[in-house]
Amino acid sequence: MSDQFELYAEVREDMGKGASRRLRRLADQVPAIIYGGDKDPQPLSIIRKDLEKSLENEAFFSHVLVININGKKEKAILKDLQRHPARNSVTHADFLRVNENVAIKVHVPIHFLNEKTCHGVKVQGGMIQHQATDIEVLCLPTDIPEFIEVDMADVKTGEIIHLSDITLPQGVTSVALALGEDHDLAVASVVAPKGGSDAEEDSSEDSSSDSSED
């Protein structure tokens, strides 16, 4: 995967909660940190509008990023994001340095396909439930998928899609499945409508009719 995002950052010298609050309030910047690899953690500051604009793109969360620190570029992924509990504005960002030759764990968003035409929904009147919105995978930084597709077209009511049912790209493995079958988590399911599906009701009526005729 090629680098498509570049963030400009400055080294942050003034530390502490008070300094972070001043940085957000007066300079309209977001405190951040980059860590990992064979280097020490480095506190940073990033222009708020630049970070929030990047966050509007879902791909930002699963891409290898370029963090331009005072002209020196480092490759990293977004590891954690903290937001204000009321305003939902970004209050802190964590970046993890990456080595293109070393596999890393990263959460990749799920894209559910054909939900409106899903058999369990369109034919049986069921409802789709999502048990997960992303999958934690292990792969080389260059192999991180932007998203993982889950096709719901043929799923019927009562059926569950598990991690083991999803085909991952080559070189990408599920972190949970690597722990064993007991960790084959549910990703999505289709539940029957209350009172049963139309098909079940029709079957019940036919059965009652046959009994009456007897």
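# Close-up views of the predicted model

**View 1. Strand β4 and its two partner strands.** In β4, Ile67 is the residue that stands opposite Leu7. The model is predicted: local features require a pLDDT of at least 70 and side-chain atom pairs count only at pLDDT 80 or more, whereas totals for chains, interfaces and linings use all residues. Residues are numbered from 1 along each chain as its sequence is written, and side-chain values use heavy atoms, with hydrogens and water left out. Helices (H or I, at least four residues) and strands (E, at least two) are DSSP runs numbered from the N terminus, and two strands pair if DSSP finds at least two bridges between them. Strand β1 (residues 5-11) pairs with β4 in the parallel sense over 5 bridges. Strand β5 (residues 72-83) runs antiparallel to β4 and is joined to it by 5 bridges; Lys75 in β5 is the bridge partner of Val66. A hairpin is formed by β4 and β5, with 2 residues between them, and Asn70 in the turn has a positive phi of about 50°.

**View 2. The two faces of β4.** In a regular strand, side chains alternate between the two faces of the sheet. Leu65, Ile67 and Ile69 lie on one side of β4, Val66 and Asn68 lie on the other, and all are buried, that is, under 20% relative accessible area (exposed means over 50% and partly exposed in between; 1.4 Å probe, protein chains only). The strand is thus mostly covered, with 5 of its 5 residues buried.

**View 3. The surroundings of His63.** His63 is placed in the loop between α2 and β4 (65-69). Is this residue, His63, buried or exposed? His63 is buried, with a relative accessible area of 1%. Asp143 is 80 residues from His63 in sequence, yet their C-alpha atoms are 9.6 Å apart in space.

**View 4. The two sides of helix α2.** Arg48, Leu51, Ser54 and Leu55 are the buried residues of helix α2 (residues 48-55). Viewed down the axis of α2, these buried residues fall within an arc of 135° and therefore line one face of the helix; the arc is that of the directions from the helix axis to the C-beta atoms. Lys49 and Lys53 are exposed on the face turned away from the buried side of α2.

**View 5. The open sheet β8-β13-β11.** This open sheet of 3 strands follows the order β8-β13-β11, with antiparallel pairing. Because β8 (127-130) and β11 (160-162) stand at the edges with a single partner strand each, one side of each is left without a neighbour in the sheet. Neighbouring strands of the sheet are turned by 15° against each other on average, direction ignored; axes are lines fitted to C-alpha atoms, for helices over the stretch in contact, and angles run from 0 to 180 degrees between N-to-C directions. Strand β13 (residues 186-191) and β8 pair in the antiparallel sense over 4 bridges. In β13, Ser189 stands opposite Gln129.

**View 6. Two buried cysteines.** Cys118 is buried, with a relative accessible area of 0%. Cys139 is also buried, with a relative accessible area of 2%. A disulfide is taken as a pair of cysteine sulfur atoms within 2.5 Å, and by this rule the count comes to 0 disulfides.
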